[in-house]
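Student: I would like to go through this structure and ask, for each label, what justifies it.
Tutor: Then take the labels in turn and set each against its cut-off.

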Amino acid sequence: MTTTSAGAARAVRGGAGKPLLSIRDFKVEYRTGAGAVVQAVRGVDLDLYPGESLALVGESGCGKTTFGLGLLRLLPRLGHASGKVIFNRGDGTEIDVLGLDGRDLRKFRWRDAAMVFQGAMNAFNPVLKIRGHMHDTMRAHTKATKQEIEERAAELLRLVRLEPERVMDSYPHELSGGMRQRVLIAMSLLLEPEVLILDEPTTALDILTQRSVVDVLHEVRERLGFSMIFISHDLSLAAELADRVATMYAGRIIETGGVRDLFYRPRHPYTLGLIKAVPPIVGDLPDLESIPGGPPSLAALPAGCSFHPRCKFATEECQEAEPPLIPITDEPGDGHEVACIHSGDVHLDRSAS
Amino acid sequence: MSAAAVPEAVARPLMTLSGVSQVFDTKAGPIRAVDHANLSVNPGEVLCLVGESGSGKTTAARMAAGLTRPSGGEVKYDGTDIWSLNKKDFSTFRRSVQYVHQDPYASLNPTRTIQQTLTAPLLKHGVVKGAKAAADRAAELLTKVDLTPPENYLPKYPHQLSGGQRQRVAVARALTLDPKLIIADESTSMLDVSIRISVLAMLGRLRDELGVGFLFITHDLAIAKYFGWRGKTAVMYLGRIVEFGPTPKIINAPTHPYTRALIEAIPEPDPDLTRTKSAGSLRSLEIPSLANLPSGCAFHPRCGRFEPGLCDGEVPELVGVRAGQSAACHVVARDGAEEPER
């Protein structure tokens with residue numbers, strides 16, 4: 001594998017470099033029919049470093065997708081994002097993402113940050129061949145000639161292990177689910193974005209197809225060195241693709257840390273619960289546990305820690321105030337943060353499983 | 001537990017599919033969705049049917065449920081071909097075999113309360129007499145699927161419940177007619193991880209307490225492992241069963257290259273372990289079309305152990321490779337099963 005300059009950037013991680021994307025007190029609100037306002041994302045602080053792969057995990061309804069859409073300013077009209085999102089372009093310019101509009105916003109999307117959506121079929125125009133999609137995207141954002149577009153598209157398709165000759169002249173429905181997903185990944189990389197947001201990129205795919213998409217992602221990231229925010233409810237996939245993991249619950253990040261910290265030493269009862277609910281394939285029959293109940297309605301959050309009604313560590317104190325996300329001090333290394341007053345009691349016993 | 005101790009030869013299968021095929025006529029020509037499949041489920045036993053989309057799992061399940069008539073072969077329930085039954089006996093068979101679908105949003109009638117959904121079959125089939133008795137029985141069924149207290153759920157409509165609760169209602173409805181066999185078709189695949197395990201645990205309890213047999217269909221081997229550990233698993237590929245055996249063997253010591261590829265490919269909830277996985281042994285990622293199956297073994301264009309002349313000639317038969325475990329692979333049949341590395 002060739003080492004590119006981007007490959008070197010990957011080594012910079014965990015606070016050593018300047019963050020590519022710096023998110024502070026990020027909130028998303030939806031106006032509902034009754035004139036009420038529901039907060040789907042409730043104050044997220046997050047830094048994404050160059051070359052880093054960050055997984056956002058949690059059950060459905062925790063605000064993961066809303067967070068991703070909000071970052072790219074793709075929210076529906078009734079949604080409103082607030083807070084601070086700063087994107088650092090390589091040349092040193094800082095962009096206030098939430099303040100962008102018109103041309104600048106279009107420029108930010110695709111060029112600086114691109115998104116791969118869940119459900120590849122819906123992301124394509126069904127009456128347009130793949131070639132048409134590639135040309136439309138490039139022409140809308142660059143002055144590239146036809147020849148250049150053809151070459152760039154072919155290069156990226158080969159990178160995701162597809163044959164350009166076959167794929168370019170196909171309509172979306174003529175491709176299999178895995179192929180469509182790989183075409184989407186290729187398309188999202190057309191303008192060499194620094195950040196790629198992937199929303200459940202392999203859900204609904206078969207095991208072997210999912211594996212091929214995961215392998216392609218590994219490979220492409222190795223080559224091109226972009227940063228990735230990876231939204232998934234599948235913890236195994238996060239374990240595989242992420243450098244760092246953030247667990248989301250009821251619109252907040254409740255634990256974040258390196259992938260090994262989070263999977264081997266989770267300190268929030270919710271993260272622990274998620275991990276213990278996933279059946280592994282290797283080994284004998286594991287002892288699994290589910291988390292009782294379901295995520296709360298965002299319109300009527302429980303008082304204090306919003307996880308306390310489902311939490312077996314909960315005490316009365318948990319109902320008093322929402323615990324802040326604070327660094328764990330009693331373990332070596334840095335970057336592991338948790339929002340739980342009982343985090344000291346939370347331990348994952350892997351040998352038991 | 002005692003049922004498991006009964007030797008296999010003694011237990012009479014509840015449901016048998018012998019040499020069943022299902023051919024669909026399409027514009028692209030006849031499609032063999034299921035080709036000469038042999039399966040059997042014993043009372044109170046779990047049989048997992050695993051495969052990717054298009055492998056014929058659901059088609060096989062629909063034949064087992066008597067929803068479609070096979071193009072060839074026999075579906076036997078309690079020893080009798082279900083398509084030779086008279087109307088009355090067929091209706092009894094239908095009551096004994098219940099289907100739980102994948103999507104509880106679609107399978108429950110949105111305009112009926114849970115009570116109406118559960119009491120309708122009870123009254124229609126005369127399981128109980130009178131509205132009061134039906135309501136009591138409905139409440140009892142809800143308790144069985146862990147929806148307690150039942151009074152909270154009976155007056156509700158499906159849209160007022162979460163996905164997991166809805167799927168529990170679908171299971172309760174399947175239990176209304178005291179089935180002997182439940183066919184669960186991807187019944188937990190739409191649920192969140194956190195909820196999936198509790199629904200599976202509930203199904204496992206029903207199997208133990210009520211002695212219900214399960215034909216459990218899933219694309220997820222990890223789920224098959226969890227639910228069917230004490231039962232058997234059949235792996236399907238493009239309409240054929242390619243490997244069959246006790247679930248622990250299929251998971252920990254698979255012999256067919258396809259099963260091996262599947263197991264190798266599944267990500268683990270463990271960062272170090274999962275990064276050792278790959279699709280490396282596969283030669284191709286694309287699944288052939290059922291309308292245009294490769295000659296010989298349908299897996300040969302993708303198989304890492306492909307041998308020209310051996311694999312692309314004849315279709316391999318499912319033959320025993322180890323005690324209780326069989327595989328349809330020419331190479332495994334010739335060389336014997338390699339012992340597992342772990």
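Tutor: Contact here means heavy atoms within 4.5 Å. The model is predicted.

Student: Which residues does Thr93(A) contact, leaving aside its neighbours within four places in sequence?
Tutor: With those neighbours set aside, Thr93(A) is in contact with Phe87(A) and Asn88(A). Thr93(A) itself lies in the loop between β4 and β5 (94–96) of chain A.

Student: Why is Thr93(A) called partly exposed?
Tutor: Buried means under 20% relative accessible area and exposed means over 50%. Thr93(A) has 38% relative accessibility, so it counts as partly exposed.

Student: What makes Phe87(A) buried?
Tutor: Its relative accessible area is 0%. The limit for buried is under 20%, so Phe87(A) qualifies. Phe108(A), with a relative accessible area of 2%, is buried on the same criterion.

Student: How many aromatic pairs does a search of the whole structure find?
Tutor: Over all chains there are 13 aromatic pairs. One of them joins Phe87(A) and Phe108(A), with 5.7 Å centre to centre and 75 degrees between the planes.

Student: Why is the pair of Phe87(A) and Phe108(A) called edge-to-face?
Tutor: Ring centres must lie within 6.5 Å for a pair, and planes over 60 degrees apart count as edge-to-face. The values for Phe87(A) and Phe108(A) are 5.7 Å and 75 degrees, so both conditions are met. The pair links distant parts of the chain: Phe87(A) is in strand β4 (residues 79–88) of chain A and Phe108(A) is in helix α3 (residues 102–112) of chain A, 21 residues apart.

Student: What makes Tyr249(A) and Phe307(A) an edge-to-face pair?
Tutor: Their ring centres are 5.1 Å apart and their planes stand at 85 degrees, so the pair is edge-to-face. Tyr249(A) belongs to strand β9 of chain A, and Phe307(A) to the loop between α12 (269–276) and β11 of chain A, so the pair ties together parts 58 residues apart in sequence. Tyr249(A) and Phe307(A) are both buried.

Student: How do you know that the charged end of Arg166(B) sits over the ring of Tyr105(B)?
Tutor: The distance limit from charge to ring centre is within 6 Å, and the charge must also be within 35 degrees of the ring normal. The charged end of Arg166(B) is 3.7 Å from the centre of the Tyr105(B) ring and is assigned as sitting over it. The charged end of Lys156(B) likewise sits over the ring of Tyr153(B), 5.8 Å from its centre.

Student: Which strands of chain A form the open sheet, and in what order?
Tutor: The sheet has 8 strands in the order β6-β7-β8-β3-β9-β10-β12-β11 (chain A), with mixed pairing.

Student: Why are β6 and β11 of chain A called edge strands?
Tutor: β6 (113–116) and β11 (326–327) of chain A each have a single partner strand, so one side of each is left without a neighbour in the sheet.

Student: How do you know that β6(A) pairs with β7(A)?
Tutor: Pairing requires at least two bridges. β6(A) and strand β7 (residues 195–199) of chain A run parallel and are joined by 4 bridges, so the requirement is met. Ala113(A) stands opposite Val195(A), and the bridge partner of Val116(A) is Leu198(A).

Student: Which way do the side chains of β6(A) point?
Tutor: Ala113(A) and Met115(A) point one way, Ala114(A) and Val116(A) the other way, and all are buried. In a regular strand the side chains alternate between the two faces of the sheet.

Student: What is the order of the 4 strands in the open sheet of chain B?
Tutor: The order is β2-β1-β4-β5 (chain B), and the pairing is antiparallel. β2 (29–41) and β5 of chain B each have a single partner strand, so one side of each lacks a neighbour in the sheet.

Student: What makes β4(B) and β5(B) a pair?
Tutor: They pair in the antiparallel sense over 2 bridges. The threshold is at least two, so this count just suffices. One of the bridges has Asp81(B) as the partner of Lys76(B). β4(B) and β5(B) form a hairpin with 2 residues between them, and Asp78(B) in the turn has a positive phi of about 55 degrees.

Definitions and conventions. Residues numbered from 1 in each chain as written. Chains lettered and ligands numbered in written order. Predicted model: local features only at pLDDT ≥ 70, side-chain atom pairs only at ≥ 80, totals over all residues. Heavy atoms only, no water. Phe/Tyr/Trp six-rings, centres within 6.5 Å; stacked < 30°, edge-to-face > 60°. Buried < 20%, exposed > 50% of the residue type's maximum accessible area, 1.4 Å probe, protein only.
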